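Trainee: Could you walk me through this one slowly? I have the structure open, and I would like to know what to look at.

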Amino acid sequence: MFESIKLQNINRERIAKWSLENRIYEPYSILDLIDSLSVDNIRVFNSAMLAMTMYERDMKWSVYIGDLYKEYYEDDFRQRIGFQIHSEDDAYKACILFLWMCTSPHPQVRHIILRRIVSIMKKFGNTGFVSLLIENLHTCNDPYVLHILYAAVYGYSLISRDKNAISEIAKKIKQSHYSDRAQAPLDIIVRHWTLSLLAFSRELGNEDLLSQVQPPYESMNPNGLIIDEWDDITENYFGTSYPSQLLYESINGFEDFNRYIIGTNSRNTSNIYINEKEGQTSFVLLDDILLMINNLIKHEYNWTDEIGVLFKDSYSSNRFKNKTERIGKKYQWLALYKVEALLSDHCKMTDGYKDRYNSNIYDDLPSIPFPWYSDVIPYIDPTMTDEDKCGMEPQEDGSLIIGEKMSDDDWMDRKFPLPLPVFIITDKQGIQWLVLKSHQSCDQVITKLNRELFLFVDSIFIKEEDIHAFNSWAKDKNFHGGWMPESHGAYEFLWNEYTWSDRYKRTKCYEYEKRPHGCPCDIIISNEGQLQENYDGLRNADNFLSTAYAPNEGLMNKLDLYTAERGVVRKKKTDEVVSMNFCKKGFNGIAIRKDILDHYLQDEKLVLISLVSR
């Protein structure tokens, strides 16, 4: 109807007003007419959406969002939500609409919207409209909306580092969600993003609100969710329609959610949640978690065949086609997130990362059950948007050259001299940077052989007093193969959480060998890496560093540095760039300002040693 009306010479503002007055809330119409809608119109729309149950809203609204997004037309969807934002009012209207579109079960819809909202917040986030979004949406009964809202707020905050604005946002979150310990969010993901923001606000020197509201909370015992026992849960438990059958199989059958998310493929108990009763401890049974999930969907979310049939054409045909999802996936994931929130309030939690290196997990249980100890927490980085560019391009070529006149015999001769790596690079302003870690490569087909050459450079610090002992030990060592300790990318924390967050600090349980292979002195790895594997919602993941490196924690703290744009490290007081990842064809790595590192080494009485591996 609206498509035909738009082609006629009818006042758009009248169309928009008429549709809202008649409670016609259809994504196409509101999106296409948003420039004709006032802020008051959007507030009326927002109030109407808040008044619905999640089930009702999914029936009347969410079912149509998938029509805006088709897996093979992502750019069309981006273009449709990429209209110009000229003012704070425009930003508010757009974000309210976009966030309500996140009721969709399609993860790619939500993640594309996440990137768009963060871009808007970068421009308008310090004007108070972020707090207004929280005020207007914090009572939403669909956690998917709050996931994206608070992920965007956290991402914007990490980028802006606006101490005063973030302080106000943190206070708004505390007031909205944690003023009453019996009313804390019953969703592990909402808790994760909101508490992470409170932790970052504290890191910036604001009031420590996190310690005032930290978990556990006064929630219902998760066993109270169980109404139906296993004898009652059969293949027709959710209904007889095909979508209901899929929901049952996904949760209780031989499917990925049951086997790998819940974990039944390899164990029968949780590896995170521990029951304590009369001095005895035991891990929560996975069957109990599944029982809670089934009951939640049936009795609290009120699943019926009716909603499943509406979404019958929206589901992934296999595990690799997961950009579109059936509505049942939404309900089973939200049920899991609620169950985990309740379990975290009533059980002891293990730290899944530390447990990899601890044979007795009961020895070091976290004293506070923070949500990021759960293994369902997302590793998406909400700071990243399509506008971002990562990495410096050095003046030096850096790519390795294999002489065309070199014979195949010479190429195969281990004794034939190979080019040396680049240890110092220069930027466009003529400033010199020392390479801490790099990879140089080339691949040429000159004769019958495909000649591939690569050089890895890693670096360590040792004490000045140990230099002679180290040289004596190292002079007859072959460092090829990278057998010395080196930095690797860890995905358990975000780039902007490096050094300060609990998520980063928990990864420090594993220490590298300080005196490897008979080395006579302690070594200190010069850098650490953060691995980003989740690029959902971004147009081109190739534009970003998969692993970004920063100077090691000791150097970061000594020089009072912070991780800024991805791959960039700055001084906290002046925002001066101190270290940067660089990227050029055949040459990439991390470098640090030579003058700044020289002073650091002199003050700390350290020496930089570069290790070359071919």
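**Helix packing and other local features**

Mentor: Let us start with two helices, H16 and H18, whose crossing is right-handed. Please keep in mind throughout that this is a predicted model.

Trainee: Okay, how close do the axes of H16 and H18 come, and at what angle do they cross?

Mentor: The axes of helix H16, residues 286-300, and helix H18, residues 327-346, come within 9 Å and cross at roughly 120°. H16 and H18 are therefore oblique to each other.

Trainee: And which residues make the contact?

Mentor: On the H16 side they are Ile289, Met292, Ile293, Leu296, Ile297 and Glu300, while H18 brings Tyr331, Gln332, Ala335, Leu336, Lys338, Val339 and Leu343. Sorted by class, the contact of H16 with H18 has ten nonpolar residues, one polar residue and two charged residues.

Trainee: What about H12 and H18, how do their axes cross?

Mentor: The axes of H12 and H18 come within 7 Å and cross at roughly 65°, and H12 and H18 are therefore roughly perpendicular to each other. Ile188, Ile189 and Arg191 of H12 make this contact with Tyr337, Glu340, Ala341, Ser344 and Asp345 of H18. By class, the contact of H12 with H18 has four nonpolar, one polar and three charged residues.

Trainee: Staying on H12, I clicked on Ser201. Is it buried or exposed?

Mentor: Ser201, which is found in helix H12, residues 188-203, counts as buried because its relative accessibility is 2%. If we leave aside its neighbours within four places in sequence, Ser201 is in contact with Ile166, Ser167, Ala170 and Asn206.

Trainee: How far is Ser201 from Arg161?

Mentor: Their C-alpha atoms are separated by 8.8 Å, although Ser201 and Arg161 are 40 residues apart along the chain.

Trainee: Where does Arg161 sit, then?

Mentor: Arg161 is in the loop between helix H10 (143-160) and helix H11 (163-177), and it counts as partly exposed because its relative accessibility is 22%. Its backbone is also worth a look, since phi of Arg161 is near 55°, a positive value in a residue other than glycine.

Trainee: Why point that out?

Mentor: Because most residues other than glycine have a negative phi.

Trainee: Where else should I look for a positive phi in a residue other than glycine?

Mentor: Look at His517, where phi is near 55° as well. His517 lies in the loop between helix H22 (502-505) and strand E8 (524-525), and with 49% relative accessibility it counts as partly exposed.

Trainee: While we are on the backbone, where is there a cis peptide bond?

Mentor: The peptide bond from Pro215 to Pro216 is cis, with omega near 10°. Pro216 belongs to the loop between helix H13 (210-213) and helix H14 (242-252). As a general point, most peptide bonds are trans.

Trainee: Back to H11 for a moment: is Lys172 buried or exposed?

Mentor: Lys172, whose place is in helix H11, counts as buried because its relative accessibility is 16%, and the cut-off for buried is under 20%. Apart from neighbours within four places in sequence, Lys172 is in contact with Ser131, Ile134 and Glu135.

Trainee: Changing topic, how do strands E13 and E14 pair?

Mentor: Strand E13, residues 577-584, and E14 pair in the antiparallel sense over six bridges, and one of the bridge partnerships joins Cys583 to Asn588 in E14. E13 and E14 form a hairpin with two residues between them, and Gly586 in the turn has a positive phi of about 80°. Strand E14, residues 587-593, is mostly covered, with six of its seven residues buried.

Trainee: And what is the strand order in the sheet that holds E9?

Mentor: Three strands form that open sheet in the order E7-E9-E10, and the pairing is mixed. Strand E7 (489-490) and strand E10 (547-551) stand at the edges, each with a single partner strand, so one side of each is left without a neighbour in the sheet. E7 and strand E9, residues 527-531, pair in the parallel sense over two bridges, and Gln530 in E9 is the bridge partner of Ala490.

Trainee: Last one: how many helices and strands are there in the protein?

Mentor: There are 24 helices and 15 strands, and buried residues make up 53% of the 614 residues in the protein.

Terms used
Residues numbered from 1 in each chain as written. Predicted model: local features only at pLDDT ≥ 70, side-chain atom pairs only at ≥ 80, totals over all residues. Heavy atoms only, no water. Pairing = 2+ DSSP bridges. Helix = DSSP H or I, 4+ residues; strand = E, 2+ residues; numbered from the N terminus. Buried < 20%, exposed > 50% of the residue type's maximum accessible area, 1.4 Å probe, protein only. Contact = heavy atoms within 4.5 Å. Axes fitted to C-alpha atoms, helices over the stretch in contact; angles between N-to-C directions. Parallel < 35°, antiparallel > 145°, perpendicular 65-115°, else oblique. Left-handed = near helix turned anticlockwise from the far one by under 90°. Nonpolar A, V, L, I, M, F, W, Y, C, P; charged D, E, K, R; others polar.
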